[in-house]
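Work through the exercises below with the sequence and the model at hand. Each task is followed by a solution in steps.

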Amino acid sequence: MEFSSSCSNLLLVLGTSLLCGGIANIGEEQKYDREGEGENNGAEEEAVIGFWSGFAWLAGMTVFIALLSEYVVDTIEDASDSWGLSVSFLSIILLPIVGNAAEHAGAIIFAFKNKLDISLGVALGSSTQIAMFVVPLCVTVSWGMGVNMDLNFNLLETGSLAVAIIVTSFTLQVS
């Protein structure tokens, strides 16, 4: 599941963000501005909410999402039977895309606003988090639970992730 989530962030989210941002800003050249030295340097955006209210919203939404996730996991088998789809398809393909919908929408919205640096940060940062933190954490937790899980991935998973990384690298390469 981690590989499909990582690949969907690299290819689907980043590609959709770049496409939507390009369509929305068709008359402008989109540039990745890591230093913030672009045209909008003087226009600093003001925070809409404060730190503690943002923290409270984050904590509340985390609890809400955790409850919804439990509900989704409980209904996957029922949905599989009623929709005629396999549990593997629902849990490997559909669930990571739907589960990260807010993050995906954020990347696309930032691309519409011609903030390519933030859009790239969301899409690539999420994929990096999964590869560097979530996968090793799952392996470590499984060892503690006595479940046999390791980092020995099959050729299809490794190859598809390598191709996704290569495609992303060539797409974002600065000329």
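From the N terminus on, the elements read α-α-α-α-α-α. This is a predicted model, in which local features need pLDDT of at least 70 and side-chain atom pairs count only at pLDDT 80 or more, while totals for chains, interfaces and linings use all residues. Residues are numbered from 1 along each chain as its sequence is written, and side-chain values use heavy atoms, with hydrogens and water left out.

**Exercise 1. Describe the chain as a whole.**

Step 1. Count the elements: the chain has six helices and zero strands. Helices (H or I, at least four residues) and strands (E, at least two) are DSSP runs, numbered from the N terminus.

Step 2. Take the burial: 21% of the 175 residues count as buried. Buried means under 20% relative accessible area, exposed over 50%, and partly exposed in between, with a 1.4 Å probe and protein chains only.

Step 3. Take the contacts (heavy atoms within 4.5 Å). Of those in the chain with a separation of 6 or more, 70% join residues 24 or more positions apart.

**Exercise 2. Set the UniProt annotation against the model.**

Step 1. The unreviewed UniProt entry places the feature "transmembrane region" at residues 48–73, 85–112, 118–139 and 151–172. UniProt positions are given in the numbering used here, feature names are shortened, and annotations may be inferred rather than shown by experiment.

Step 2. Residues 48–73 are 88% helix and 0% strand, with 34 Å between their end C-alpha atoms.

Step 3. For residues 151–172 the end C-alpha atoms are 28 Å apart, and the span is 82% helix and 0% strand.

**Exercise 3. Which residues of α6 are buried, and which are exposed on the other side?**

Step 1. Helix α6 covers residues 155–172, 18 in number, and reaches 26 Å from its first C-alpha to its last, close to the expected 26 Å. The expected span is 1.5 Å times one less than the number of residues.

Step 2. Leu-161, Ala-164 and Thr-168 are the buried residues of α6. Seen down the axis of α6, they fall within an arc of 60°, so they line one face of the helix. The arc is that of the directions from the helix axis to the C-beta atoms.

Step 3. On the other side of α6, Leu-155, Leu-156 and Phe-170 are exposed.

**Exercise 4. Which residues make up the largest nonpolar core, and which helix gives the most to it?**

Step 1. A nonpolar core is a set of buried Ala, Val, Leu, Ile, Met, Phe, Trp, Tyr and Cys residues joined through side-chain atoms within 4.5 Å. The largest one has six residues: Val-13, Leu-14, Ala-107, Leu-116, Leu-120 and Ala-123.

Step 2. α1 (2–24) and α5 (116–145) each supply at least two residues of this core. α5 gives the most, with three residues.

Step 3. Leaving out residues up to four places away in sequence, Ala-107 touches Val-13, Ser-17, Ser-119 and Val-122.

**Exercise 5. Locate Asn-114 and Gly-125, and state how accessible they are.**

Step 1. Asn-114 lies in the loop between α4 (101–112) and α5. Asn-114 has a positive phi of about 60° although it is not a glycine, and at 22% relative accessibility it is partly exposed.

Step 2. Gly-125 lies in α5 and is partly exposed, with a relative accessible area of 29%. Its C-alpha is 9.0 Å from that of Asn-9, 116 residues away along the chain.
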